[in-house]
Amino acid sequence: MKLVCTQSDLSTHLSLVSRAVPSRPTHPVLANVLLDADADTQRVSLTAFDLSLGIRTSFAAEVETGGKVTLPAKLLNDIVSRLPEGEITLSNDTEDAGGADAGETSVLVTLKAAAGRYQVRGMGAEEFPELPTVDTGKVAYLPGEQLIEGLQGALFASSTDETKQVLTGVHLTLQKDGLEFAATDGHRLAVVQSANQDESGALGVGESGLEIEVTIPAKTLRELERMLGTRQSVEAVALHFDPGQVVIEWADQRLTSRLLEGQYPAYRQLIPRQFARQVTVERKLLLGALERIAVMADAKNNVVKLTLDDVNQEVTLSVEAQDVGSGRESFPAQISGDRLDVAFNVKYLMDGLKACNTPEIQMQLNTATSPVILTPLGSLKMTYLIMPVQIRS
């Protein structure tokens, strides 16, 4: 194998796939990245796989002699990222059977750059597990922009508690009229809806009215969001599903993941249909005040109180932190309904405001202990439900 590529291409793509390298691999080869140089297409592909999440990406290179090899992902990434910009030559001429374990092939790869020469010992490609494929099953084609919008509006609300596996993912529902992203950690719920704007099925939910309902790990979708975000324009993304697996493909990149098992909560039943109070406020005004008062809230219990004053048409934020001090800020808002004091976990409230990303937001609520709904006033069709914290007198 012999190839020439740029330092920036190799470093960028190594960084992408390295996120699928396990920190504690169950087999030594899983700590490696699979490098596949194809002389016919003049492309190099890199693959990493932790047996749950798999990432493959490719880029153009001058491939003199094709071949495959696996190399330690962290070591290679650390070397390449520190090299100066310019051309890098990778080659391996010899293979020996002196691997650490019997039956493993050890490969020595030489990396040459203007700064110097390095030799890295890897393993044969035959040791590396194949990424899962979905040959049969359901496939959907989603516009990249809508996919990014849905992920940005829902991912933050997923749970990090591994004991509730199904809540550590985002529930994706695809129907012929659009798609819906939902995530909850039991304290808040984010739902984003995107309508199918193309009669030909650009939202690709099926050639025959296909419907899909799956829960995809948040870790997988964060990598998808990150990878899509590195591209200037995002074309349609293909999602291939079978009962336990999803394969996501676009352009020269591929991401594979297991699906989460278990019944996702019936979250639509949690969203109230009628409200006694409504507040419209500038998002940045509220978020800025929350970020300042959160400093004081952190000193107590992370709780901030909102007073909705319908007479003066203003919202007041306040925190009373015993032995530390207090904080208070007021700003104008459009308020309908009677005066109310309601308290929130300040982090949950700020997370929702950051995800809304519109000039104004609307807050709808009934009582100080019932679910509160935040929605952005704009094109994004997002619902953010947050449970208030009970105020103790």
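**Aromatic pairs, sheets and cavities in a predicted model**

The count of aromatic pairs comes to 2, where rings of Phe, Tyr and Trp (its six-membered ring) pair if their centres lie within 6.5 Å. One of them, between F156 and Y384, is tilted, at 5.4 Å centre to centre and 55° between the planes. Planes under 30 degrees apart count as stacked, over 60 as edge-to-face and the rest as tilted. F156 lies in the loop between α3 and β12 and Y384 in strand β27 (residues 381–386), so the pair ties together parts that are 228 residues apart in sequence. Helices (H or I, at least four residues) and strands (E, at least two) are DSSP runs, numbered from the N terminus.

The model is predicted: local features need pLDDT of at least 70, side-chain atom pairs count only at pLDDT 80 or more, and totals for chains, interfaces and linings use all residues. Residues are numbered from 1 along each chain as its sequence is written, and side-chain values use heavy atoms, with hydrogens and water left out.

An open sheet of 9 strands runs in the order β15-β12-β13-β14-β27-β26-β25-β19-β23. Its pairing is antiparallel; two strands pair if DSSP finds at least two bridges between them. Strands of a sheet pair through backbone hydrogen bonds, either parallel or antiparallel. The edges are β15 (212–217) and β23 (334–336), each of which pairs on one side only. From one strand to the next, the twist averages 15°. Axes are lines fitted to C-alpha atoms, for helices over the stretch in contact, and angles run from 0 to 180 degrees between N-to-C directions.

At the β23 edge, 3 bridges join β19 to β23, and these strands run antiparallel. T280 has Q334 in β23 as its bridge partner. Two helices accompany this sheet. Helix α3 lies across β13 (178–184), β14 (188–195) and β27, running at about 165° to β14. Helix α4 packs on the sheet and touches β12 and β15, contact meaning heavy atoms within 4.5 Å. The direction of α4 makes about 85° with that of β15.

A further open sheet has 4 strands in the order β22-β21-β20-β24, again with antiparallel pairing. Its edge strands, β22 (325–332) and β24 (340–345), each pair on one side only. The twist here averages 20° from one strand to the next. Strands β20 and β24 run antiparallel and are joined by 6 bridges. L306 is partnered by V342 of β24. Helix α5 (residues 283–298) lies across β20, β21 (314–321) and β22, and runs at about 175° to β22. Helix α6 (residues 346–356) packs on the sheet and touches β20 and β24. Its direction makes about 85° with that of β24.

The whole structure contains 2 cavities of 30 Å³ or more. A cavity is a set of points, on a 1 Å grid over the protein atoms alone, where a 1.4 Å probe fits but cannot get out; lining residues have an atom within 4 Å of a point. Grid points are joined across faces, edges and corners, and a volume is the space filled by probe spheres set on the points.

The largest cavity holds about 50 Å³. Its lining consists of L147, L151, V170, L172, F181, I216, L221, L224, L239 and I248. Helix α3 (144–154), strand β12 (169–175) and helix α4 (218–229) each give two or more residues to this lining. The lining divides into 10 nonpolar, no polar and no charged residues. Ala, Val, Leu, Ile, Met, Phe, Trp, Tyr, Cys and Pro count as nonpolar, Asp, Glu, Lys and Arg as charged, and the others, Gly among them, as polar.

The second largest cavity has a volume of about 40 Å³. V279, V281, L286, L306, L308, V315, F331 and M363 line this cavity. Strands β19 (277–282) and β20 (303–309) each supply at least two of these residues. By class, the lining has 8 nonpolar, no polar and no charged residues.

Elsewhere, P72 is found in strand β6 (residues 67–72). The C-alpha atoms of P72 and A31 are separated by 6.0 Å, with their positions 41 residues apart along the chain counted as the separation. Leaving out residues up to four places away in sequence, P72 touches A31, N32, V120, R121 and G122.

How values were computed. On a 1 Å grid over the protein atoms alone, a cavity is a set of points where a 1.4 Å probe fits but cannot get out, and a pocket is an open set with protein on both sides within 12 Å along at least five of seven lines; lining residues have an atom within 4 Å of a point.
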